[in-house]
Amino acid sequence: MSASKIILYNAVVCPYAQRAKIALQEVKASYETVDIDLANKPSWYGEVNPELKVPALKLNGKAIAESLVLIELVNDLYPEAKLLPADPLKRAEGRFAIEFYSSKIIPNLYAILKNPDQKESIVQELNVAYQRFEELLLEQSADGPYFYGDKFSLVDIAIAPFAGRFNALFEVAFKKGYQPTTVQASPRLTSYLDALVNRPSFKESYLGDQAFIDLMARRFNFPVVNH
């Protein structure tokens, strides 16, 4: 792409902001990062994003927000990175997978935190959703390791921040090494989640399991588990 000034308004604790960070790293963009303290947001940030949420991205002085919008923007700015396949149907299937994971799986991350006494029933719902997601993965590639196969994509960028946080959450809510039964019984899904959390762009932009656990313990008032 032609030279453009990109500023990312980020918070390392936020999985949605991590989506944008991963996307920018994957395309090897040159950008500036401005860290926003979500507990004490600066008054000027409302001029960047009136919703006061992260991430936001400023491109040549124009601010845009919402994580899925931003990663699509990065894909459009850097088409040579090929974060989505050329086939329109494949692109649509990828976007469907993002929507499915976002609506059927991600909400359960926070449901377990907010309602720990209901965690068993929530995990039952997760098992059903994970089973369907395993099917979506197999429809694209039997071997993976990523959604479309060996090519890391926008789908993986959208899901990776939550895959990492779920691993930490399960250890807090259940026990070390815990995974829902569907994940244990689904080799394609297991290898997919492992590939996401081992991707360098994820590791470099993730706050770390212990920091995430400590943050959630303070926010939702559950006992801290030290790794």
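Strand β3 and strand β4 (residues 62–65) run antiparallel and are joined by four bridges; strands are DSSP E runs of at least two residues and helices H or I runs of at least four, numbered from the N terminus, and two strands pair if DSSP finds at least two bridges between them. The model is predicted, so that local features need pLDDT of at least 70 and side-chain atom pairs count only at pLDDT 80 or more, while totals for chains, interfaces and linings use all residues. Residues are numbered from 1 along each chain as its sequence is written, and side-chain values use heavy atoms, with hydrogens and water left out.

Across the β3–β4 pairing, Lys58 stands opposite Ala63 in β4. The hairpin of these strands has two residues between them, and Asn60 takes a positive phi near 50° there. Strand β3 (residues 56–59) is also joined by four bridges to β1 (residues 6–10), again in antiparallel orientation. Leu8 has Leu57 of β3 as its bridge partner.

Helix α3 (residues 67–77) has as its buried residues Ser67, Leu70, Ile71, Leu73, Val74, Asn75 and Leu77, where buried denotes under 20% relative accessible area, exposed over 50% and partly exposed in between, with a 1.4 Å probe and protein chains only. The elements covering these residues include β1, α1 (15–26), β3, β4, α4 (88–114) and α6; contact denotes heavy atoms within 4.5 Å.

The largest nonpolar core (buried Ala, Val, Leu, Ile, Met, Phe, Trp, Tyr and Cys residues joined through side-chain atoms within 4.5 Å) has 72 residues, of which Tyr101, Ile105, Tyr130, Phe133, Phe166 and Tyr192 touch the most other members. Helix α6 gives the most to this core, with 14 residues. The core lies between domain 1 (6–81) and domain 2 (88–220), because both give residues to it; the domain bounds come from an automatic or database domain assignment. A second, separate core of 11 residues includes Ile7, Tyr9, Val48 and Val54.

Arg165 is located in α6 (residues 154–173). Arg165 is buried but has no salt bridge, and the nearest side chain of opposite charge, Asp209, is 8.1 Å away. A salt bridge requires a side-chain nitrogen of Lys or Arg within 4 Å of a carboxyl oxygen of Asp or Glu; Lys and Arg count as positive and Asp and Glu as negative, with His and the chain ends not counted. Beyond four places in sequence, the contacts of Arg165 include Val12, Cys14, Gln18, Tyr206 and Phe212.
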